[in-house]
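Q: I have a structure open in front of me and would like to practise reading it feature by feature. Could you walk me through it?

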Amino acid sequence: MHIDARPLENAHVRLEPHAEAHREGLRAAAAGDAALFAYMPADISGGGFDRWFDWTTSVSDGKRELALSVRRRSDGRIVGSTRFLNIELAHKRVEIGHTWYARDAWGGAVNPSCKYLLFQFGFDDLKLNRIELKCDARNARSRAAIAKLGAREEGTLRRHMVMFDGYVRDTVYFGVIADEWPAVRDGLERRLLEV
């Protein structure tokens with residue numbers, strides 16, 4: 001069982017299945033801004049980009065992960081990456097993660113648009129029971145953004161991941177279950193009308 005790769009789009013973004021054609025656009029979006037990756041498992045803002053891109057290509061099979069490049073519709077530019085990971089279709093759950101955006105895509109329609117499309121695909125098309133999200137416990141900005149989506153904070157896994165700099169992070173888990181999707185959907189639709 002796997003998730004078929006296909007583009008997802010709305011008025012603000014187009015999520016395109018990860019492909020070689022996205023390499024330079026993603027490189028440009030990540031370039032020179034190590035702060036984007038301070039709480040990520042890898043810093044891809046410089047020399048680590050090609051290793052990350054090739055690894056992403058190797059795991060994006062729809063069985064383990066499904067990576068998507070984020071194209072902003074207003075200017076056609078690739079502004080980041082997101083994915084389904086920890087795909088467990090037998091249990092009707094996935095995680096949304098490994099998400100990052102160029103700084104000029106922060107604070108507007110890009111993130112809520114991406115999450116709306118991924119939740120919609122997961123709950124309406126794939127008929128999932130649960131979608132998970134997680135972040136570094138130190139990352140107050142991401143924690144607030146995930147909560148603002150309508151996801152519930154469910155707990156912290158202590159000393160959960162070793163980061164690229166050797167730091168052992170605590171990871172905060174959030175979730176949205178199918179019964180919560182209508183309220184989350186309505187909240188995201190209201191937000192997107194305001195941007």
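**Reading the fold step by step**

A: Happy to. Let's begin just past a helix: α3 is followed by K127, which has a positive phi, near 60°. Keep in mind that this is a predicted model.

Q: What length should α3 have, and what does the model give?

A: Count the residues, then compare the expected span with the distance between the ends. The expected span is 1.5 Å times one less than the number of residues. The 16 residues of α3 should therefore span 22 Å, and its end C-alpha atoms lie 21 Å apart, which agrees.

Q: How many residues of α3 are buried?

A: Buried means under 20% relative accessible area. By that cut-off 13 of the 16 residues of α3 are buried, so the helix is mostly covered.

Q: Which residues touch the most other members of the largest nonpolar core, and which helix gives the most to that core?

A: Start from the general idea: in soluble globular proteins, nonpolar side chains tend to be buried together. Here the largest nonpolar core has 38 residues, and L15, F84 and F119 touch the most other members. Helix α3 (residues 110-125) gives the most to this core, with eight residues. There is also a second, separate core of 13 residues, and F37, M40, F53 and A102 are among them.

Q: What does F84 touch, once residues up to four places away in sequence are not counted?

A: Leaving those out lets you see what the fold brings together. F84 touches I3, R64, E65, L66, V94, E95, I96, L118 and F121. One of these, I96, is also the bridge partner of F84 in β5.

Q: How do the strands pair, and in what order?

A: Follow the sheet from one edge to the other. It is an open sheet of eight strands, with mixed pairing and the order β1-β2-β3-β4-β5-β6-β8-β7. The edge strands, β1 (8-9) and β7 (152-162), each pair on one side only. Inside that order, β4 (residues 78-88) and β5 (residues 93-101) pair in the antiparallel sense over six bridges.

Q: Which helix packs on the sheet and touches β3, β4 and β5?

A: Look at which strands a helix touches, then at its direction. Helix α1 (residues 23-30) packs on the sheet, touching β3 (66-72), β4 and β5, and its direction makes about 105° with that of β4. Helix α4 (residues 140-149) lies across β6 (130-136), β7 and β8 (168-177), running at about 160° to β6.

Q: What do β7 and β8 form, and what is special in the turn?

A: For a hairpin, check the pairing and then the turn. β7 and β8 pair in the antiparallel sense over seven bridges, with E153 standing opposite F174 in β8. The two strands form a hairpin with five residues between them, and G166 in the turn has a positive phi of about 95°.

Q: Which residues have a positive phi although they are not glycines?

A: Two to find are H98 and R159, each with a positive phi of about 50°. H98 is placed in strand β5 and is partly exposed, with a relative accessible area of 22%. R159 lies in strand β7 and counts as exposed, at 62% relative accessibility.

Q: Is E16 buried or exposed, and what does its side chain contact?

A: For a charged residue, take the accessibility together with the polar partners. E16 lies in strand β2 (residues 13-17), and at 11% relative accessibility it counts as buried because the cut-off is under 20%. Its side chain makes a polar contact of 2.7 Å with the side chain of R71, and another of 3.1 Å joins the side chains of E16 and R14. Beyond its neighbours within four places in sequence, E16 is in contact with H22, A67, L68, S69, R71 and I78.

Q: How far apart are H2 and G62 in sequence and in space?

A: Compare the two separations. H2 and G62 are 60 residues apart in sequence, yet 4.9 Å apart in space, C-alpha to C-alpha. H2 lies in the segment before β1 and is partly exposed, with a relative accessible area of 42%. Leaving aside its neighbours within four places in sequence, H2 contacts D61, G62, K63 and L89. The side chain of H2 also makes a polar contact of 2.9 Å with the side chain of D4.

Notes: Residues numbered from 1 in each chain as written. Predicted model: local features only at pLDDT ≥ 70, side-chain atom pairs only at ≥ 80, totals over all residues. Heavy atoms only, no water. Helix = DSSP H or I, 4+ residues; strand = E, 2+ residues; numbered from the N terminus. Buried < 20%, exposed > 50% of the residue type's maximum accessible area, 1.4 Å probe, protein only. Polar contact = N/O pair within 3.5 Å; in protein donor to acceptor, adjacent residues only side chain to side chain. Contact = heavy atoms within 4.5 Å. Pairing = 2+ DSSP bridges. Axes fitted to C-alpha atoms, helices over the stretch in contact; angles between N-to-C directions. Core = buried A, V, L, I, M, F, W, Y, C linked by side-chain atoms within 4.5 Å.
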